[in-house]
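User: I would love a close look at one part of this protein, with the backbone as the main theme. Could you walk me through it in one connected answer?

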Amino acid sequence: MSFLSDTLSRVKPSPTIAMTTKAQELKAAGKSVIGLSAGEPDFDTPDNIKEAAIAAIRAGKTKYTAPDGMPELKQAICAKFARENSLSYEPAQISVGTGGKQILINALMATLNPGDEVIIPAPFWVSYPDMVLLSGGEPKPLPCGPETGYKLTPEALEAAITPKTKWLIFNSPSNPTGAGYTWDELKKLTEVLLRHPHVWILTDDMYEHLVYDDFKFCTPAEVEPALYPRTLTMNGVSKAYAMTGWRIGYAGGPVELISAMRKIQSQTTSNPCTISQWASVEALNGTQDFIATNNIAFKRRRDLVVSMLNQAEGIDCPTPEGAFYVYPQIGGCLGKTSKGGKLLSTDEDFCNALLDETGVAVVFGAAFGLSPAVRVSYATSDEALKDACTRIGEFCAGLR
């Protein structure tokens, strides 16, 4: 008998972390590496947020808090939901976790039984299916290809729902594609969900503020208030506030669900880092001006990457509405051999050869449930992006 749990055999390590780790190892060995695989802003945490954390330390605010967040942060989250999303929550409806991942896994563990199905539009964030598996459920990937702008259609959603469906995981703007849903697009999806009252909605709004051009963010319970009683609206401070390492995620939802999630968290990690909680209070209550400034840089980088990748042979790169990723199709590059002699049969082959031969790290589309494609993060400097895209172009031109 194996010492390890059978459940562990159902899940795999994060491919994005694996690719980032490989890039770091090559860089440490002296190779010129440009990492475009990690989902992390290159901007520093704003000074007012850092000062709030320092002030908390100096004031001795370093003790335990309630398992799922202190009152001051829950109040700030309630105010944020009301101000930005027209959603009314009380503190008892708020859960704060150690990053968005903990919020998601708590919700799934608290609700899934063997045989329960979770619809996950693909391409998806790599962790969604494995979280469902760890929680005893069955992930049901639903392909959403470039022909629909990588977006879920009402017809596809309707066809995917079964009596066993418990959750729909919904992410806009998307990791990995950057695709965002308009109010009208989301309204059509919520009309389907209204016809299936046994299906709950788990929204991942982590990239809410990272949107460009004239795109307007909206979230399901805001678009269709009748879904409010069966929606968990998740968000966090990681991306928009450049606070990835601070590890604070949060969600608003029905009291019964939040209480169940609290029970799980009280027996696992207990409270998120107290210092990070105080910093997050300032993030949500303080100035938001830097978000628009950062978005100007992100939009410039997006346009740069889209333009340069579309000039590469065999690559077709759509322009996303938000986040800081592009998800180009690379079908025109497969079936060919690289200058280094590697046959590119899959998008994983493409990414491994690209890293080994040019030092550019991106993540293969199969990790996100839809091939042949790659995810490219443009959350780095313009100079690094120009260099990386030039290398990608040269790599593609060298395929035979």
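In which loop is Ala323 found?

Analyst: Happy to take you there, with the reminder that this is a predicted model. Ala323 is found in the loop between helix 11 (289–309) and strand 9 (325–326). What draws the eye at Ala323 is its backbone: phi is positive, about 60°, although the residue is not a glycine. As background, most residues other than glycine have a negative phi, and most peptide bonds are trans. Ala323 counts as buried because its relative accessibility is 0%, where the cut-off for buried is under 20%.

Arg247 makes a good companion to look at next. Phi of Arg247 is near 60°, again a positive value in a residue other than glycine. Its setting is the loop between strand 7 (231–236) and strand 8 (249–252). With a relative accessibility of 32%, Arg247 counts as partly exposed, whereas Ala323 counts as buried.

The peptide bonds deserve a look too. From Ser172 to Pro173 the bond is cis, with omega near -15°, and Pro173 lies in the loop that runs between strand 5 (165–171) and helix 7 (183–194). Another cis bond joins Ser371 to Pro372, where omega is near -5°. Pro372 sits in the loop between strand 13 (363–364) and strand 14 (374–377).

Some of the strands that flank these loops lead us to a sheet. Strands 5, 7 and 8 are among the seven strands of an open sheet with mixed pairing, whose order is 2-8-7-6-5-3-4. Strand 2 (94–97) and strand 4 (138–143) each have a single partner strand, so these two stand at the edges, and one side of each is left without a neighbour in the sheet. On average, neighbouring strands of this sheet are turned by 20° against each other, direction ignored.

Within that order, strand 5, which precedes the loop of Pro173, pairs in the parallel sense with strand 3 (residues 117–122) over three bridges. One bridge to find on your screen joins Ile119 to its partner Leu168 in strand 5.

Finally, let us add a helix to the picture. Helix 9 (residues 255–266) lies across five strands: strand 2, strand 5, strand 6 (200–204), strand 7 and strand 8. Relative to strand 2, helix 9 runs at about 25°. Strands 7 and 8 are thus a handy place to end, as the loop between them holds Arg247 and helix 9 lies across both.

Conventions: Residues numbered from 1 in each chain as written. Predicted model: local features only at pLDDT ≥ 70, side-chain atom pairs only at ≥ 80, totals over all residues. Heavy atoms only, no water. Helix = DSSP H or I, 4+ residues; strand = E, 2+ residues; numbered from the N terminus. Buried < 20%, exposed > 50% of the residue type's maximum accessible area, 1.4 Å probe, protein only. Pairing = 2+ DSSP bridges. Axes fitted to C-alpha atoms, helices over the stretch in contact; angles between N-to-C directions. Contact = heavy atoms within 4.5 Å.
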